[in-house]
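Please explain how the empty spaces, aromatic contacts and helices of this protein fit together. The account should proceed from the interior outward and should be suitable for a computational chemist.

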Amino acid sequence: MAPSNLPASPPPGKGVQPTRARYWVIVFAIALAVIQYIDRVCISQAAPFISQDLNLSAKQMGYVFSAFTLAYALFEIPTGWLGDRMGPRRVLLRVVLWWSCFTAATGLVWNQSSMVATRFLFGAGEAGCFPNLTKAFSAWLPGRQRIRAQALMWMGARWGGASAPLLVVAVMAFVSWRMAFLVFAMLGVIWAIVFYGWFCDNPRDHKSVNAAELELLHENQLNVLSHSAVPWREMAARASIWLLGAQYFCLSFGWYFYVTWLPTYLKDVRGLEIKSNGLMKWLADLLEGSFTPDMSLKILAAVLAGIPLLFGGFGSLIAGVLSSRLIARTGLVARVRRSFGFIGLTGAAALLMISFYIRDPLLAMLSMGMASFFNDTTMPGSWTACMDVGGKYAGTVSGSMNMMGNFGGMAGPVVVGYVLDLTHHDWRLVFAISSVIYFLGALCWLFIDPVTPLEKTAEQPRMDPNEH
């Protein structure tokens, strides 16, 4: 029986088509994902200039990168919990304005300490993004549409990150790296103002939602309720929640290389090889008709740096579409999600290591791009599992998984910095470590139950992972 404090669902009008206001929530989510990743990734492209201006070593830059991910990890559960308690509308307004402020402040730093502090505070804001968008999805989308929404959102995130290197090069052609951060900060401010004016935590309160659309969302009534009593004991006792976090730790350890150290790797190892590929040489010659040789190489390096995130977006999109169809056809929800998780991280491990040994710079980056593609085939299933397992606690559960993931994202750049300093830039060891950790994440998926909810109610019947 539904709790008595829930309003009854109004009957849909006879013959009335559901409105489509719920799709605007996906549009807002994709837009914010793009902005979040532009703001996050732009520092990797600016890193060589920051290191030169602030006189930072590889190890010190590793700490700068990891300051963001440490804060991002630590504030995942608190901001996810706030979304469950207060609703995502108010929380997203606060966190987007907060991180936009510290994106701008990145351009005002003067030494390593100020940079580390600024990036830590920036990460504290960005931590609230995806748990609260997931919370919004759990209220605004029918269950069958959520995995595709997650796929589209993560496609936008990756493509936003893929565009960041070229955007940084374009902006820094006219302004300094310091001013570039101020330019990127304005994107989040604009989004926050428009979103706050349109969005409602409860679809019932939105003037654009008719009775027929509300009927589609009737199953989400429990998810709309605010609350403060999180079942922490049940969460801590659920092995699958720990395993979701563990696989996300391994995924993020490898993936953060693409948004932190990759431009430096391209400059150190691949910079002199770019023109060895016939296509890249032709493009360089073409660009040199309009730009200096140095700028032409920067543009080509930025394009190469964007390949992993571009391919990752395709991986997320394709996984979302295929897994939805496979689940609809077979009903084997848990098996489909486990398969995508295991195959995805195993493929990422193999292709990342292969990319190091390919001498042709374009083919090497295409191999790394395919590693990112397989990496991201796990994303829709991971985040949809958080919604299915979490229910009305989706913000907290997804925040827990993302917290563990970003501990991996924090460890990765620091480990890379130490390895480079201790081994005189032995990039092969860097790739080997990341590949092994990717494969450990793949093994986690063999034991995850991604369907059984924390709360077994009449509205959320228990799913048998062996049947689904």
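The largest cavity has a volume of about 100 Å³. The model examined here is a predicted one. Rolling a probe the size of a water molecule over the atoms shows where empty space is left. Across the whole structure, such a search returns five cavities of 30 Å³ or more. Lining the largest cavity are 14 residues, and those nearest its centre are Tyr37, Arg40, Tyr248, Ser252 and Tyr256. Two or more lining residues come from each of H1, H7, helix H12 (239–259) and H19. The most generous contributor to this lining is H12, with five residues. Sorted by class, the lining of the largest cavity comprises nine nonpolar, three polar and two charged residues.

Two of the residues nearest the centre of that cavity, Tyr37 and Arg40, are also in contact with one another. Arg40 lies over the face of Tyr37, at 4.4 Å from the ring centre. A further arrangement of this kind involves Arg22, whose charged end sits over the ring of Tyr23, 4.5 Å from the ring centre.

Tyr37 leads on to the aromatic contacts. A pair of aromatic rings is described by the distance of the centres and the angle of the planes. The count for this structure comes to 32 aromatic pairs. In one of them, the ring centres of Phe68 and Tyr72 are 5.2 Å apart and the planes meet at 35 degrees, so the pair is tilted. Phe68 and Tyr72 are four residues apart in helix H2 (residues 58–74), and so are separated by about one helical turn. An α-helix has 3.6 residues a turn, so residues three or four places apart point the same way. Phe68 is buried, its relative accessible area being 4%, and Tyr72 likewise counts as buried, at 1% relative accessibility.

The pair formed by Trp255 and Tyr256 has another geometry: the ring centres are 5.3 Å apart and the planes stand at 90 degrees, so the pair is edge-to-face. Both Trp255 and Tyr256 are buried. For Trp255, which is placed in helix H12, the relative accessible area is 2%. The C-alpha atoms of Trp255 and Ile307 are separated by 13 Å, with the two positions 52 residues apart along the chain. Trp255 and Tyr256 also belong to a wider cluster, in which ring pairs link them with Tyr37, Phe130, Trp154, Tyr248 and Trp383. Among the members of this cluster, Tyr37, Tyr248 and Tyr256 have already been met near the centre of the largest cavity.

What of the space that remains open? The second largest pocket holds about 530 Å³ of space. Its lining consists of 20 residues, of which Phe49, Lys267, Leu297, Lys298 and Ala301 lie nearest the centre of the pocket. Helix H1 (21–54), helix H7 (143–172), helix H13 (262–270) and helix H15 (293–330) each provide at least two residues of that lining. H15 makes the greatest contribution to the pocket, with six residues. By class, the pocket lining has 14 nonpolar, three polar and three charged residues. H1 and H7 therefore appear in the lining of this pocket as well as in that of the largest cavity.H19, another helix that contributes to the cavity lining, has 29 residues and reaches 42 Å from its first C-alpha to its last, close to the 42 Å expected at 1.5 Å a residue. Most of H19 is covered, as 21 of its 29 residues are buried. After H19 comes His424, whose phi is positive.

Most residues other than glycine have a negative phi, and most peptide bonds are trans. Against that background, the phi of His424 is near 55 degrees, a positive value in a residue other than glycine. His424 is found in the loop between helix H19 (394–422) and helix H20 (427–444), and His425 lies in the loop between H19 and H20 as well. The phi of His425 is near 65 degrees, again a positive value in a residue other than glycine. Are these two histidines buried or exposed? His424 is exposed, with a relative accessible area of 72%, whereas His425 counts as partly exposed, at 36% relative accessibility.

Conventions:
Residues are numbered from 1 along each chain as its sequence is written. This is a predicted model: local features need pLDDT of at least 70, side-chain atom pairs count only at pLDDT 80 or more; totals for chains, interfaces and linings use all residues. Side-chain values use heavy atoms; hydrogens and water are left out. On a 1 Å grid over the protein atoms alone, a cavity is a set of points where a 1.4 Å probe fits but cannot get out, and a pocket is an open set with protein on both sides within 12 Å along at least five of seven lines; lining residues have an atom within 4 Å of a point. Grid points are joined across faces, edges and corners, and a volume is the space filled by probe spheres set on the points. Ala, Val, Leu, Ile, Met, Phe, Trp, Tyr, Cys and Pro count as nonpolar, Asp, Glu, Lys and Arg as charged, and the others, Gly among them, as polar. Rings of Phe, Tyr and Trp (its six-membered ring) pair if their centres lie within 6.5 Å; planes under 30 degrees apart count as stacked, over 60 as edge-to-face and the rest as tilted. Buried means under 20% relative accessible area, exposed over 50%, partly exposed in between (1.4 Å probe, protein chains only). A charge sits over a ring if NZ of Lys or CZ of Arg is within 6 Å of the ring centre and within 35 degrees of the ring normal. The expected span of a helix is 1.5 Å times one less than its number of residues.
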